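I opened this notebook to keep track of what I looked up, one topic at a time. The entries follow the order in which I went through the structure.

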Amino acid sequence: MSVSEIAPEMPVPAQAGPGSEALSGSDVRRVLLVWDAPNLDMGLGAILGGRPTAAYRPRFDALGRWLLARTAEISVASKGRIEAEATVFTNIAPGTADVVRPWVEALRNVGFAVFAKPKIDEDSDVDADMLAHIAARQRDGGLAGIMVASADGQAFREPLEAIAAKGIPAQVLGFREHASWAVTSDTLGFVDLEDIPGVFREPLPRVSLESLPDEGAWLQPFRPLSALLTSRPGQGVA
């Protein structure tokens, strides 16, 4: 888990997290941002070919400002009170708590709620927890908008399309080379994370099959080969 670069200046107003009384009123709807940290770490690592340096770590203060601006846009055309809620879902591998703690505390200081889950095995991912939180927010006063940040986002395709079918703005935030289904979707919006001002200090060194240099380019694996030793049978490439 990389420690995000979060600028101390111009702090983002704190977002109400899960269970917060600030958003408990029935007249309040949420514009919800759900950040899939494990999946985005994998996607960013694939683009960079390794662990990100400070220049390539996402800045959550910039992401928070973008969310607040997007919430203000949605509020203009909506009745009732609308609040932004920013959440990050992540796994904590054994022995990494001390390394990850500054990152988690920095996120909370900016105004993001963090759902942290122990990484025990291959089934310890946070997809189900993210989907459960989205469903809970639909029940608790409703959603005025939903953004899911995930490198590929396939696990959220059907739920997001169902939300969008109700007339609620639904967007996928990620990397266009990993989420072509969202880029071409007729019902969902797509925002490339690099297009959000300030999220990355430097341009990402992106290479895709559609924009290969004449001399060719290496495309790094999404995960180490050793992961095959712990993956479920049948997960392979034909």
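The entries below go from the sheet to the helices that touch it and then to the salt bridges.

**Entry 1: the sheet.** I noted before anything else that this is a predicted model. I then looked up the strand order and found an open sheet of six strands, arranged as β3-β2-β1-β4-β5-β6, with parallel pairing. The edges are taken by β3 and β6 (189-192), each of which has a single partner strand, so one side of each is left without a neighbour in the sheet. From one strand to the next, I read an average twist of 20°.

**Entry 2: strand β2 and its partners.** I asked myself how many of the residues of strand β2 are buried. Ten of the twelve residues in this strand, which spans residues 81-92, are buried, so β2 is largely enclosed by the rest of the structure. I followed its pairing in both directions. With strand β1 (residues 28-36), β2 pairs in the parallel sense over nine bridges, and here I found R30 opposite E83. With strand β3 (residues 113-118), β2 runs parallel and is joined by six bridges, and in this pairing N91 has K117 of β3 as its bridge partner.

**Entry 3: the other neighbour of β1.** I next looked up strand β4 (residues 143-149), which pairs with β1 in the parallel sense over six bridges. R30 appears again in this pairing, where it stands opposite L143 in β4. Packed on the sheet I found helix α2 (residues 60-76), which touches β1, β2, β4, β5 (170-174) and β6. The direction of α2 makes about 145° with that of β2.

**Entry 4: helix α5.** Which residues of helix α5 are buried? For this helix, residues 157-164, I listed L160, I163 and A164. These three cover an arc of only 100° around the axis, which puts them on the same side of α5. I also looked up what covers the buried residues of α5, and found that the cover includes α4, β4 and β5.

**Entry 5: salt bridges around R137.** I counted the salt bridges from the computed list, which gives 15 for the structure. One of them joins R137 to E85, with the closest N and O atoms 2.8 Å apart. Since R137 lies in helix α4 (residues 127-139) and E85 in strand β2, the pair ties together parts that are 52 residues apart in sequence. Both residues of this pair, R137 and E85, are buried, and for R137 I noted a relative accessibility of 5%. R137 also forms a salt bridge with D140, where the closest N and O atoms are 3.4 Å apart. D140, unlike the buried R137, is partly exposed, with a relative accessible area of 38%.

**Entry 6: a pair within helix α3.** I then turned to D98 and R101, whose side chains meet in a salt bridge at 2.7 Å, N to O. They are three residues apart in helix α3 (residues 97-110), and so are separated by about one helical turn. Is D98 buried or exposed? With a relative accessible area of 61%, D98 is exposed, while R101 is partly exposed at 39%.

**Entry 7: a network.** My last look-up was a set of linked residues, for which I wrote down R176, E177, D192, E194, D195 and R206, connected in a network of salt bridges.

How values were computed:
Residues numbered from 1 in each chain as written. Predicted model: local features only at pLDDT ≥ 70, side-chain atom pairs only at ≥ 80, totals over all residues. Heavy atoms only, no water. Buried < 20%, exposed > 50% of the residue type's maximum accessible area, 1.4 Å probe, protein only. Helix = DSSP H or I, 4+ residues; strand = E, 2+ residues; numbered from the N terminus. Pairing = 2+ DSSP bridges. Axes fitted to C-alpha atoms, helices over the stretch in contact; angles between N-to-C directions. Contact = heavy atoms within 4.5 Å. Salt bridge = Lys/Arg side-chain N within 4 Å of Asp/Glu carboxyl O. Arc of directions from axis to C-beta.
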